Structures are given as structure tokens and as C-alpha cells.
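Thank you all for making time this morning. I would like to take you through one chain, beginning with a single residue and working outwards to the whole.

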Amino acid sequence: MGEKENPIRNSCSFAGVRPIMVDLPYPPIQVAEKNLPYANLLSIDYCGAVSEMSAITQYINNENRLSNEKCSMASTILGIAMAEMMHLQKLGELIDLLGGKVDFVAKHRNGRNRMWTPEFLTIPEQAKQMLGADIEAERAAINQYNVHISMIHDEYVNAVLQRIIMDEEYHIVILQALLKE
């Protein structure tokens with residue numbers, strides 16, 4: 001066997017990475033009553049083209065591709081992805097309480113349901129373009145949440161969506177700061 005192999009390692013440690021989010025509690029996860037149309041709207045936020053599932057996957061992909069070269073940036077991106085995972089979990093709970101099915105199918109009002117696919121993602125090669133795509137995805141999510149809030153007349157659901165928006169706005173601030181580095 002001769003010489004000892006020298007494995008190539010990722011020197012970036014993610015120990016201690018925590019979700020990056022606004023330091024405020026989430027409202028209780030509850031609904032006024034079962035409402036399948038509301039559950040279906042939230043399914044779009046859960047796993048549609050603009051969704052928490054898309055955000056998580058895009059962030060994790062970016063983090064993986066950045067971790068060898070830009071450890072600090074990759075750690076921040078991982079922290080944002082962790083917050084998006086919490087959003088996905090909260091949306092899943094709301095969908096279930098509203099009487100919907102928690103799966104990976106966005107249920108649109110026109111009956112055109114679509115299963116989540118990585119085709120929804122924007123995966124540029126360069127770090128600046130990654131951050132730009134992430135900022136645009138956060139803005140699109142905020143816009144979509146605001147539209148859904150205007151369509152949902154359940155104060156409990158809307159309180160959770162408004163709290164999620166606070167995190168998404170904070171993510172934009174963090175991503176813009178990374179872009180300036």
C-alpha cells in the first residue's frame with residue numbers, strides 16, 4: 001500500500017449554525033376553521049414555483065457549492081435555509097389544520113396542480129449571481145404571501161404568514177450585505 005492517502009476535505013465547519021430569523025416568536029399555529037381553499041393557497045407557498053421548498057433547495061445547493069471557497073457566506077446561507085425549513089414546517093401544520101393534504105403538490109385554483117420540481121430553481125454559477133437570485137426569490141415570496149394574505153380571511157393564518165414575511169425581509173437585508181462583501 002505504500003504512501004498514506006491525503007484525503008481532500010471541506011474545511012468549513014457548520015457547527016453552531018443557527019436559523020437566521022427575526023428575534024420574535026411565531027404566533028400559535030392555529031386556524032379559525034377548516035378551509036380547503038386556504039389550505040390549497042398555502043400549498044403553493046409550501047411547494048409551488050415560489051415556495052419554501054424551492055427556497056430551501058436553492059439555498060442548500062448554493063451553500064454546498066460555496067462551502068469550499070467562501071465558508072462564511074456558505075454558513076450564512078445555511079442559516080437562512082434553516083429558517084426556510086421552519087417556515088415549511090409551519091405551513092405544513094397550517095395546511096393540515098385547514099383540512100388540506102401535506103404533500104409536494106401545489107394546488108392551484110384553476111385546477112392545474114403541479115408537483116414540486118427542481119426546475120423551479122435558479123442555480124447560477126457565480127456567488128454574486130447566486131445571491132441576486134436568492135434576493136429575487138425572497139422578494140417573490142413576500143409578494144406571493146401578501147397576495148395570499150389578501151385572499152385569506154383567517155386572522156390566525158395571516159398572523160403566521162405576516163411573521164414569515166418578517167423573516168423573508170430580514171433575509172433580503174442579510175443577502176444584500178453579503179452581496180456588498
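Which residues does L178 touch, if we do not count residues up to four places away in sequence? Before I answer, please keep in mind that what you see is a predicted model. With that exclusion in place, L178 touches M73, T76, I77 and L131. The residue itself is found in helix α5, and because its relative accessibility is 5%, below the 20% limit, L178 counts as buried. There is also a longer link along the sequence to mention here, since A127 lies 51 residues away from L178 along the chain, and yet the two C-alpha atoms are separated by 9.6 Å.

Let me now follow two of those contacts, starting with T76. This threonine has its place in helix α3, and at 17% relative accessibility T76 also counts as buried. Leaving aside its neighbours within four places in sequence, T76 is in contact with I20 and I174 as well as with L178.

The other contact I would like to follow is I77, where the list is as follows: not counting residues up to four places away, I77 touches Y59, N62, E63, L66, L131, D134, L175 and L178. L131 therefore deserves a note, as it appears in the contacts of I77 and in those of L178.

That brings me to the nonpolar core. The largest one has 47 residues, and those that touch the most other members are L42, I77, V157, L161 and L175. Two or more residues of this core come from each of α1 (36–47), α2 (52–66), α3 (71–97), α4 (127–151) and α5 (155–180). As general background, nonpolar side chains tend to be buried together in soluble globular proteins.

For contrast, what is the burial state of A177, buried or partly exposed? A177 is found in helix α5, and with a relative accessible area of 41% it is partly exposed, because that value falls between the 20% and 50% limits. A177 and G132 are 45 residues apart in sequence, and their C-alpha atoms are 11 Å apart in space.

One loop position is worth a moment as well. T117 is found in the loop between β2 (114–115) and α4, and at 14% relative accessibility T117 counts as buried. Its C-alpha atom is 8.6 Å from that of G48, although 69 residues separate T117 and G48 in sequence.

Stepping back to the whole chain, we have five helices and two strands, which read along the sequence as α-α-α-β-β-α-α. The C-alpha atoms fill a box of roughly 70 × 35 × 25 Å along the principal axes. Of the 181 residues, 47% are buried, and among contacts between residues at least 6 apart in sequence, 81% join residues at least 24 apart. The accessible surface comes to about 10100 Å², with 53% of it belonging to carbon and sulfur atoms. As for charge, the chain has 16 positive and 23 negative side chains, and the centres of the two sets lie 2 Å apart.

Finally, a word on confidence. The chain averages a pLDDT of 94, and 98% of the residues score at least 70. Confidence is lowest in α2, at a mean of 95, and highest in α1, at 98.

Definitions and conventions. Residues are numbered from 1 along each chain as its sequence is written. This is a predicted model: local features need pLDDT of at least 70, side-chain atom pairs count only at pLDDT 80 or more; totals for chains, interfaces and linings use all residues. Side-chain values use heavy atoms; hydrogens and water are left out. A nonpolar core is a set of buried Ala, Val, Leu, Ile, Met, Phe, Trp, Tyr and Cys residues joined through side-chain atoms within 4.5 Å. Buried means under 20% relative accessible area, exposed over 50%, partly exposed in between (1.4 Å probe, protein chains only). Helices (H or I, at least four residues) and strands (E, at least two) are DSSP runs, numbered from the N terminus. Contact means heavy atoms within 4.5 Å. Accessible areas come from the Shrake-Rupley method with a 1.4 Å probe; for residues, only the protein chains shown count as cover. Lys and Arg count as positive and Asp and Glu as negative; His and the chain ends are not counted. The place of a charge is taken as NZ of Lys, CZ of Arg, CG of Asp or CD of Glu. pLDDT is the predictor's confidence in each residue, from 0 to 100.
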